[in-house]
Amino acid sequence: MNNVTRFRLAILDDYQQVSGDYAPWDSLLDDDVKVSVFSAPFLSEEQAVAALAPFDIIVAMRERTRFPQEVLEALPNLKLLVTTGMANAAIDLEAAAERGIVVCGTGGSPAAAPELTWALLLAFARNLTVEENSLRAGDWQTGVGFELEGKTLGIVGLGKIGKRMAGYAKAFGMDVLAWSQNLTAETAEAAGARKVSKEELFRESDVVTLHLRLSERTEGVVGSEELRLLGPDGVLVNTARGPLVDEAALIRALEEGWIRGAALDVFDEEPLPAGHALLHSTRTVLSPHIGYVTHESYRQFYGGAFEDVKAWLDGTPVRVIGG
């Protein structure tokens, strides 16, 4: 082994400081690659650029750090950008291609996100966070929950995750409705759901759960009109992306009682700022975007990212995304 560093590699947003547990990053020294791990999120694009300018290779965890055109243009050494998963709305793929930056992805766990979604719904239905906190404070049985059996679940986005949610709902004795822009009645029926219009879904559902990819077409797909249709007994669950929901409308809906409440894993700004209105709402169950944070998922994410880097170093990139 020599002491020449051919490439510098940055692993970003390793919040739990576990990336080394899931892939042998130290072995890249044999390829003259120096690895640096960033555990804390960047507070601005300017901070990200200042920290990442020297790096040739960046491994990004999901969409925790954004790579729009202006950031990519400010990273002159960047040659390989790896994202966990095979889709990342935070990366400008066209700008990356224009600069000759190779973008690669990884596999992921199909079970992690839907399991967390169902856990949040159950926690909301049975007041688990409130009851646990009150129990630890010395109280006993402070509220009354509700059952899912016999209720209606509305699924917005009947893809891989949405179909699993339909299966969970059926196992719990729920009726299932579904809507998305391109959903067919046949696809919905095959998943055990009934295709309806968006208006019907929000009006008829007791719980609505969102499972769409974020895009220009889906941003703000849930606003004041949909929340009012969901009604004072309705629950909104979002483990997909925060901007699918008009956050200002959601906060008002919670404050004014348009809906029973919300179970949320994703937010417009992440990490969620201290003092944010959602943190103070008594009508919410919240988690810090952990839908994909499991051992099984991280094995695929970090393991796949390591494979991407090795393949690129060998001149044969794998799982290339975009141009």
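Biologist: Which element gives the largest share of the lining of the largest pocket?

Modeller: That share, four residues, comes from α7; helices (H or I, at least four residues) are DSSP runs, numbered from the N terminus. The model is predicted: local features need pLDDT of at least 70 and side-chain atom pairs count only at pLDDT 80 or more, whereas totals for chains, interfaces and linings use all residues. Residues are numbered from 1 along each chain as its sequence is written, and side-chain values use heavy atoms, without hydrogens and water.

Biologist: How is empty space found, and what volume does the largest pocket have?

Modeller: Rolling a probe the size of a water molecule over the atoms shows where empty space is left. On a 1 Å grid over the protein atoms alone, a cavity is a set of points where a 1.4 Å probe fits but cannot get out; a pocket is an open set with protein on both sides within 12 Å along at least five of seven lines; lining residues have an atom within 4 Å of a point. Grid points are joined across faces, edges and corners, and a volume is the space filled by probe spheres set on the points. Here the largest pocket has about 1,300 Å³. Its lining has 41 residues, and Arg 62, Ala 87, Lys 160, Ile 161 and Arg 213 are the closest to its centre. α5 (112–125), α7 (160–171) and α13 (295–313) each give two or more residues to this lining.

Biologist: What volume has the largest cavity?

Modeller: The largest cavity holds about 70 Å³, and the count of cavities of 30 Å³ or more is one. Among its lining residues are Asn 238, Val 245, Phe 267 and Leu 278.
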